[in-house]
Amino acid sequence: SLPRKREMLRAIARASQLLPRGARSLCMTEGVAIDKVSRVYTCKVKDDPSAYKMDLAMDEYLTAMAEQVPGYDGAARLVCKSEWDYKLIVKFADLHSLKGYMSDHHERLNAAYLPAIKSLAVQGEVKQQNFVYDDIE
């Protein structure tokens, strides 16, 4: 039946999103090799409704990133529902792309979107930090 075929196609699409793309093991070389990089926003939210509102605020920010920032390579979100820790991992294709974001877009985009994000964070505290990012096999 047509509804069953649609459901099967949706299941295949969801499963394909779970497959690692460009994954590798941790110990490729001595030291930490830089391939992809990320900027991580970390905060606490009060509760589930606050986490949902944070998702909406972050979605606006990520839409601007996708439209304006060369080398933006997607994002991931983590929420701990027992401690209400909230993390947004903004991925960049390479170090050059992150450096371009930091020098050409970071200040402007933070000015536009960070006030709304901070208003949803517990005590208005949002930590930002850069990381090497790897998908691991």
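Here is a short conversation about salt bridges in this predicted model.

Visitor: Why is the contact between lysine 36 and aspartate 73 called a salt bridge?

Guide: Their side chains meet with N to O at 2.5 Å. The cut-off is a Lys or Arg nitrogen within 4 Å of an Asp or Glu carboxyl oxygen, so the pair qualifies.

Visitor: What makes this pair a tie between parts apart in sequence?

Guide: Lysine 36 belongs to strand E1 (residues 36-44) and aspartate 73 to strand E2 (residues 72-79), so the bridge ties together parts that are 37 residues apart in sequence.

Visitor: Happy with that one! Now, why is lysine 81 called exposed?

Guide: Lysine 81 has a relative accessible area of 56%. Exposed means over 50%, so the label fits. Its salt-bridge partner is aspartate 48, at 3.0 Å, N to O.

Visitor: And why does aspartate 48 count as partly exposed?

Guide: Its relative accessibility is 41%. Partly exposed lies between under 20% (buried) and over 50% (exposed), so aspartate 48 falls in that middle class.

Visitor: How do you know that arginine 77 and aspartate 55 form a salt bridge?

Guide: The closest N and O atoms of arginine 77 and aspartate 55 are 3.0 Å apart. With the limit set at within 4 Å, the pair therefore counts. The bridge links strand E2, which holds arginine 77, with helix H2, which holds aspartate 55, 22 residues apart.

Visitor: How many salt bridges does the structure hold?

Guide: There are four, and the pairs discussed here are among them.

Definitions and conventions: Residues are numbered from 1 along each chain as its sequence is written. This is a predicted model: local features need pLDDT of at least 70, side-chain atom pairs count only at pLDDT 80 or more; totals for chains, interfaces and linings use all residues. Side-chain values use heavy atoms; hydrogens and water are left out. Helices (H or I, at least four residues) and strands (E, at least two) are DSSP runs, numbered from the N terminus. Buried means under 20% relative accessible area, exposed over 50%, partly exposed in between (1.4 Å probe, protein chains only).
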